[in-house]
Each structure stands twice: as C-alpha cells, then as structure tokens.
Amino acid sequence: MQPFLRAHAMNCPIANLDDLRWLMAHTGGFRSGYVTDVQMSKRRLFDETSGRDVLAGTTVTVTIRYQVRGLVRVAKLAMAGVTDFSIFEQEGADCSALSVMQAEHSAGKFRFWFDPQGELYVVCDEARLEEVSAPVLDGRPADELARWTFQSPAPDAPTTDWLLAELDRAGVPCRWSALPKQQAIHRSVQWEGRLTLAGGPADGSPNSVHVTLFESPDEEGFGIVLRVLGAQDPPMSRVLTALANRMTQRYAGTCLVGTTIIPGHEWEQWRSKDVARDLR
C-alpha cells in the first residue's frame, strides 16, 4: 500500500514508517487537540510449566478530540506491545492539551510523544487508529440535549424517505422539514433538516431531532449526525434512539457518543447496558 492512501480511514493499522507518515499527515499531529481518555490493559496467559500467569502484552489506548480542515475528529489510537509508558501530571498542570504530537519509528519500535514535555509518552510495537469525523456544526451546546454520530463506508446513503419509513416501523412517526444549506457549513454536507413528532404542532415546536448528512471526508461513504434540540423531551430522545438502532442494523459503520467510539454492530448491546445512559 502506498503512503497517504487508505481505503478505510476509520480503522487503520500503523505498522511501518509509511503508515506513520500517513498518520501524521492525516491528523496533523493532532495539533491543538486534547486527550480525553487514557487506558492501559495488560494481557496475561497461564504458563503450564511454571504454573503461573505471565505477562503476554500491554496495550495503551489514547483518545483524542481535535479539529482539522473544518472537521471535528475523535480518534482512538491503540498502541500494542507497549514496552515503555509514561504519564505524569503535577498539581496545577494539564498534559491533556496537545500542541502537536511527535513520533518516530526506529529499530522496529514506535515512539509517541503526546506533549512537548514528554509527560505522556509511549513506546510500542504497533498501533491502530480508529476515528470518526463530522463537520463543525452551528448551535450552542446549551440547546443540544444529545448527539449521535455515525460514519459508514457504504455508498448508498440513507434518504429522508427511508428515515421516515423506519420511524413509522419503530412506532414513532415523524414529519420532516428540510432546512436550507448554510454556506458556513462544511462542503461535505449534503442535506439537513429537522424531525418532529407527527402528532405534534406543525410549526414552532422547539423540540426536534436535527439531522445532518455528509459525505465521508476521508473515504467513500457517508456520515450522519443526529442532535436532539430544544427543551428536555423524552419523546425526541426516543426518536434519536430508534433511528440509531435502525441505522446500525442497516449499515456497517462506527458510532460516536461524546468521545466514545463504538462499532456499529455493538451499538444496541452498548446502549442496552444502561437505558438511562446520556447520549451526549
């Protein structure tokens, strides 16, 4: 595979120097982003000879939210075969804010410095980038009660008729109001509109699910953002959840809730673990 070319940018292995060059070019080194989550997991296997569990590998996963070229991206960089890992934060300091990540590949090892002081530093054998992107959308966070983003490599993006038909089948019929495309929104946006309950007022309802469909920015496919806007409204949350369930049943892809990346086929299982889980 040639550097800088990826058929599927949402889930990419980083195994050699060309891959690392692609990663740095694609992310811009996560410039001006911030780390939202760091996790370490250790894998152990039972050794029958010694009768003891032995360490079989360490993985460190760093989740980063950043913006580049008018897109908001949440990236999960999972680094496997970790041989050196450092995270150090003194009182009053914040190593979550990134200026630009630095990286190198030598002697078969990757080295990642996530901040200039080296307070978050990882040495590993290989890595994998999983990422969901969406255009920067207008709107005040206070007006947004929930957001769900889905990105799929499928070439056949859903239509508004499909959305309405699926909501009918789910028992939450809605009406659709198309919104004019705004010049300020990213060029990848194809259309947007709002869903309101079919039995509610035809005009003026502050409660709705705002739908934005866009071309996948890094590959063939599409992305869709569902946002519950208005006052606290459980019916609108049900509309969002019904659409999310139907989307993940119909299309292969990846979901984003807050800064949590979820494989589409695991969405309903993840959601059912806590029916009161906040989608924001």
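This is a chat between a visitor and a guide about reading the features of one predicted model.

Visitor: Let's start with the sheets. In which order do the strands of the 4-stranded open sheet come?

Guide: Read across that sheet and you meet E5-E8-E7-E6, with antiparallel pairing. The edges belong to strand E5 (84-87) and strand E6 (102-106); each has a single partner strand, so one side of each is left without a neighbour in the sheet. On average, neighbouring strands here are turned by 10 degrees against each other, if you ignore direction.

Visitor: How many bridges join E5 to strand E8?

Guide: You'll find 4 bridges between E5 and E8 (residues 120-124), and the two run antiparallel. Want one to look for? Serine 86 has tyrosine 121 in E8 as its bridge partner. While you're there, look for helix H1 (residues 17-27), which packs on the sheet and touches E6 and strand E7 (109-113). The direction of H1 makes about 170 degrees with that of E6.

Visitor: And what is the strand order in the open sheet of 7 strands?

Guide: That one goes E11-E12-E13-E14-E10-E15-E16, and the pairing is antiparallel. Strand E11 (174-179) and strand E16 (260-263) are the edge strands, each pairing on one side only. Neighbouring strands in this sheet are turned by 20 degrees against each other on average, direction ignored.

Visitor: Which residue in E16 is the bridge partner of valine 257?

Guide: Look for threonine 260. More broadly, strand E15 (residues 254-257) and E16 run antiparallel and are joined by 4 bridges.

Visitor: Which strands does H2 touch where it packs on this sheet?

Guide: H2 touches E11, strand E12 (189-197) and strand E13 (208-215), and its direction makes about 160 degrees with that of E11. Then there's helix H3 (residues 234-250), lying across strand E10 (144-152), E11, E12, E13, strand E14 (222-229) and E15. H3 runs at about 165 degrees to E14.

Visitor: On to the links between side chains. How many disulfides does the structure hold?

Guide: First the general idea: a disulfide is a covalent bond between the sulfur atoms of two cysteines. In this model the count is 0. You can still find cysteines to look at: cysteine 174 counts as buried at 10% relative accessibility, and cysteine 255 is buried too, with a relative accessible area of 0%.

Visitor: How many salt bridges are there?

Guide: The structure holds 8. To read one, find the two side chains, then ask where each sits in the chain. Take glutamate 130 and lysine 76, whose side chains meet with N to O at 3.6 Å. This pair links distant parts of the chain, with glutamate 130 in strand E9 (residues 126-135) and lysine 76 in strand E4 (residues 71-80), 54 residues apart.

Visitor: Is glutamate 130 buried or exposed?

Guide: Glutamate 130 is buried, because its relative accessible area is 14% and the cut-off for buried is under 20%. Lysine 76, at 25%, counts as partly exposed.

Visitor: What does aspartate 125 form with lysine 109?

Guide: A salt bridge, with the closest N and O atoms 2.5 Å apart. Aspartate 125 lies in the loop between E8 and E9 and lysine 109 in strand E7, so the pair ties together parts that are 16 residues apart in sequence. Aspartate 125 counts as partly exposed at 35% relative accessibility.

Visitor: Where do arginine 169 and glutamate 166 lie?

Guide: Both are in helix H2 (residues 160-169), 3 residues apart, which is about one turn of the helix. They form a salt bridge, and the closest N and O atoms are 2.6 Å apart. Arginine 169 counts as exposed at 57% relative accessibility, while glutamate 166 is buried at 11%. Salt bridges with shared partners join Glu166, Arg169 and Arg246 into one network.

Visitor: Last topic: how many aromatic pairs does a search of the whole structure find?

Guide: It finds 11. In general, a pair of aromatic rings is described by the distance of the centres and the angle of the planes. Try tryptophan 148 and phenylalanine 150: their ring centres are 5.5 Å apart and their planes are at 5 degrees, so the pair is stacked. Tryptophan 148 is buried at 0% relative accessible area, and phenylalanine 150 counts as buried at 0% as well.

Visitor: Which residues do ring pairs link into a cluster?

Guide: Trp148, Phe150, Trp162, Phe222, Tyr251, Trp267 and Trp270.

Terms used. Residues numbered from 1 in each chain as written. Predicted model: local features only at pLDDT ≥ 70, side-chain atom pairs only at ≥ 80, totals over all residues. Heavy atoms only, no water. Pairing = 2+ DSSP bridges. Axes fitted to C-alpha atoms, helices over the stretch in contact; angles between N-to-C directions. Contact = heavy atoms within 4.5 Å. Disulfide = S-S within 2.5 Å. Buried < 20%, exposed > 50% of the residue type's maximum accessible area, 1.4 Å probe, protein only. Salt bridge = Lys/Arg side-chain N within 4 Å of Asp/Glu carboxyl O. Phe/Tyr/Trp six-rings, centres within 6.5 Å; stacked < 30°, edge-to-face > 60°.
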